[in-house]
Amino acid sequence: MTLARYTAVVLGAVGASLCAAWPFLPAESRLAVLTGALLAAANTVCAYFLAVWSAGRSNNAFFTAVLGGMLGRMTVLLGVLVVGLPKLPLTFSLLAYFVAFLVLELAVISRRPTGASAQ
């Protein structure tokens, strides 16, 4: 799956799920839930890009991209928790979308041909 298509699937999932849940969310939690969803989406797109980019490269490049990228993304996600948004809705949204996108990412990457490069 190309990066553009993966991004479209992720953003489609965010859009559809938020459209379904939006009317049921308290007004004061909506920005936090939206922020969590968009951060999880950006996180998974970056992770997918790094995994696809590093495929077919040396083990050193692979581990640097994947583990270094993971450290950088985790730092950004942790830093967002100190912003003035409601903590519980932000954390729940971020965690729920993160888990869903992790499952999607693993399913997509496991189906890639070995050594396939980014498109």
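**Entry 1: Phe62 and Phe63**

I began with Phe62, which has a relative accessible area of 30% and is therefore partly exposed. The model I am reading is a predicted one. I then looked up the next residue, Phe63, and found it partly exposed as well, at 46% relative accessibility. Both values fall between the 20% limit for buried and the 50% limit for exposed, so neither extreme label applies.

**Entry 2: aromatic pairs**

How many aromatic pairs are there in the count? I recorded three aromatic pairs. One of them joins Phe62 and Phe63, with ring centres 5.3 Å apart and planes at 75 degrees, an edge-to-face arrangement. Planes over 60 degrees apart count as edge-to-face, which is why I entered the pair under that heading.

Another pair joins Tyr97 and Phe101; here the centres are 5.9 Å apart and the planes stand at 35 degrees, which I noted as tilted. I checked where these two residues sit: Tyr97 and Phe101 are both in helix H4, separated by four residues, about one turn of the helix. I then asked whether Tyr97 is buried or exposed. Its relative accessibility is 13%, so I entered Tyr97 as buried. Phe101, with a relative accessible area of 3%, is buried too.

**Entry 3: helices H1 and H4**

I next took up the packing of H4, residues 87-110, against H1, residues 3-21. The two axes come within 12 Å and cross at roughly 150 degrees. The helices are therefore roughly antiparallel. I noted the handedness of this crossing as right-handed.

Which residues of H4 meet H1? I listed Tyr97, Phe101, Leu104, Glu105 and Val108. On the H1 side, the contact is made by Tyr6, Val9, Val10, Ala13, Val14, Ser17 and Leu18. By class, the residues of this contact divide into ten nonpolar, one polar and one charged. I also noted that Tyr97 and Phe101, the tilted aromatic pair, both appear in the H4 list.

**Entry 4: Ser93**

My last query concerned Ser93, which also lies in helix H4. Ser93 has 4% relative accessibility and so counts as buried. What does Ser93 touch, leaving aside residues up to four places away in sequence? I found Val33, Gly36 and Ala37.

**Entry 5: summary of H4**

I closed by collecting the H4 residues looked up for accessibility. Tyr97 is buried at 13%, Phe101 is buried at 3%, and Ser93 is buried at 4%. Tyr97 and Phe101 are among the residues that meet H1, while the contacts I recorded for Ser93 are with Val33, Gly36 and Ala37.

Methods: Residues are numbered from 1 along each chain as its sequence is written. This is a predicted model: local features need pLDDT of at least 70, side-chain atom pairs count only at pLDDT 80 or more; totals for chains, interfaces and linings use all residues. Side-chain values use heavy atoms; hydrogens and water are left out. Axes are lines fitted to C-alpha atoms, for helices over the stretch in contact, and angles run from 0 to 180 degrees between N-to-C directions. Angles under 35 degrees count as roughly parallel, over 145 as roughly antiparallel, 65 to 115 as roughly perpendicular and the rest as oblique. A crossing is left-handed if the near helix is turned anticlockwise from the far one by less than a right angle, and right-handed if clockwise. Contact means heavy atoms within 4.5 Å. Ala, Val, Leu, Ile, Met, Phe, Trp, Tyr, Cys and Pro count as nonpolar, Asp, Glu, Lys and Arg as charged, and the others, Gly among them, as polar. Rings of Phe, Tyr and Trp (its six-membered ring) pair if their centres lie within 6.5 Å; planes under 30 degrees apart count as stacked, over 60 as edge-to-face and the rest as tilted. Buried means under 20% relative accessible area, exposed over 50%, partly exposed in between (1.4 Å probe, protein chains only).
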